[in-house]
Amino acid sequence: MEAQKIFVDYLKQNDLKNTPERMVILQEVMKLDKHFEAEVLFEHIKSINIKVSRASIYRTLDLLVQCDLVNRINFDNTCFYYETTMNKSSHDHFICTECGKIIEFYYSEIEKIHKNITDKFELDISEYSHQIYGKCKDCKQKKSLK
Ligand SMILES: [Zn+2]
Ligand SMILES: [Zn+2]
């Protein structure tokens, strides 16, 4: 498993312990193909009868973000969504502030803008985050019905 190798290497390089807990969390994260909250992952791991503390879920997710296996999407600074980066091309997110729905989108124009910015300012972008917040179609309709 490629992700496991990346993670194990990362732990080794950073003098962090490779624990069975961390490996289980990684395995379960890789199975989730949607955006998820840390709490959802915690409940999921509990439901398959594996004992993992909430703290180690958060800690391991942080580590997975640091080694680029997982992408963290900021919802409102207190709540985050996570998604795996494996087998996924870059995309951006619209997040509904009413119901929390996430819509993924990709426009090559955005990639082009990045390229223009890197060229113009001679930058090397390692990471970017582009989120749009607002009301989704359903929530917009609900509002106008009131
Ligand atoms: Zn909504
Ligand atoms: Zn996404």
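Here are four short exercises, with worked solutions, on a predicted model.

**Exercise 1: two packed helices**

Work out how helix α2 and helix α3 are oriented to each other: roughly parallel or roughly perpendicular?

*Solution.* Start with the general idea: a pair of packed helices is described by the angle between their axes and the distance between those axes. Now find the two helices: α2 covers residues 20–31 and α3 covers residues 38–47. They pack at an angle of about 110 degrees, and their axes are 11 Å apart. Angles from 65 to 115 degrees count as roughly perpendicular, so that's the label for α2 and α3.

Next, look at who does the touching. From α2 come Ile 25, Glu 28 and Val 29, while α3 brings Leu 41, His 44 and Ile 45. Sort these contact residues by type and you get 4 nonpolar, 1 polar and 1 charged.

**Exercise 2: a salt bridge inside α2**

Find the salt-bridge partner of Lys 31, then decide for each of the two residues: buried or exposed?

*Solution.* The partner is Glu 28, with N and O 2.9 Å apart. Both residues sit in helix α2, 3 residues apart, which is about one turn of the helix. Now check accessibility. Lys 31 has a relative accessible area of 57%, so it is exposed, because the exposed class begins over 50%. Glu 28 has just 5% and counts as buried, since buried means under 20%. You've met Glu 28 already: it also takes part in the contact of α2 with α3.

**Exercise 3: a link between a helix and a strand**

Say which elements are joined by the salt bridge of Asp 62 with Arg 72.

*Solution.* First the bridge itself: the closest N and O atoms of Asp 62 and Arg 72 are 2.9 Å apart. Then place each end. Asp 62 belongs to helix α4 (residues 54–66) and Arg 72 to strand β1 (residues 70–74), so the pair, 10 residues apart, links distant parts of the chain. As for accessibility, Asp 62 is partly exposed at 26%, and Arg 72 is partly exposed at 31%.

**Exercise 4: a pair in α5**

Describe where Lys 115 and Asp 119 lie and how many salt bridges the structure holds.

*Solution.* Both residues are in helix α5 (residues 108–121), 4 residues apart, or about one turn of the helix. Their closest N and O atoms are 2.8 Å apart, and the two form a salt bridge. Lys 115 is partly exposed, with a relative accessible area of 48%; Asp 119 is partly exposed too, with 47%. For the count, the structure holds 7 salt bridges.

Conventions
Residues numbered from 1 in each chain as written. Chains lettered and ligands numbered in written order. Predicted model: local features only at pLDDT ≥ 70, side-chain atom pairs only at ≥ 80, totals over all residues. Heavy atoms only, no water. Axes fitted to C-alpha atoms, helices over the stretch in contact; angles between N-to-C directions. Parallel < 35°, antiparallel > 145°, perpendicular 65-115°, else oblique. Contact = heavy atoms within 4.5 Å. Nonpolar A, V, L, I, M, F, W, Y, C, P; charged D, E, K, R; others polar. Salt bridge = Lys/Arg side-chain N within 4 Å of Asp/Glu carboxyl O. Buried < 20%, exposed > 50% of the residue type's maximum accessible area, 1.4 Å probe, protein only.
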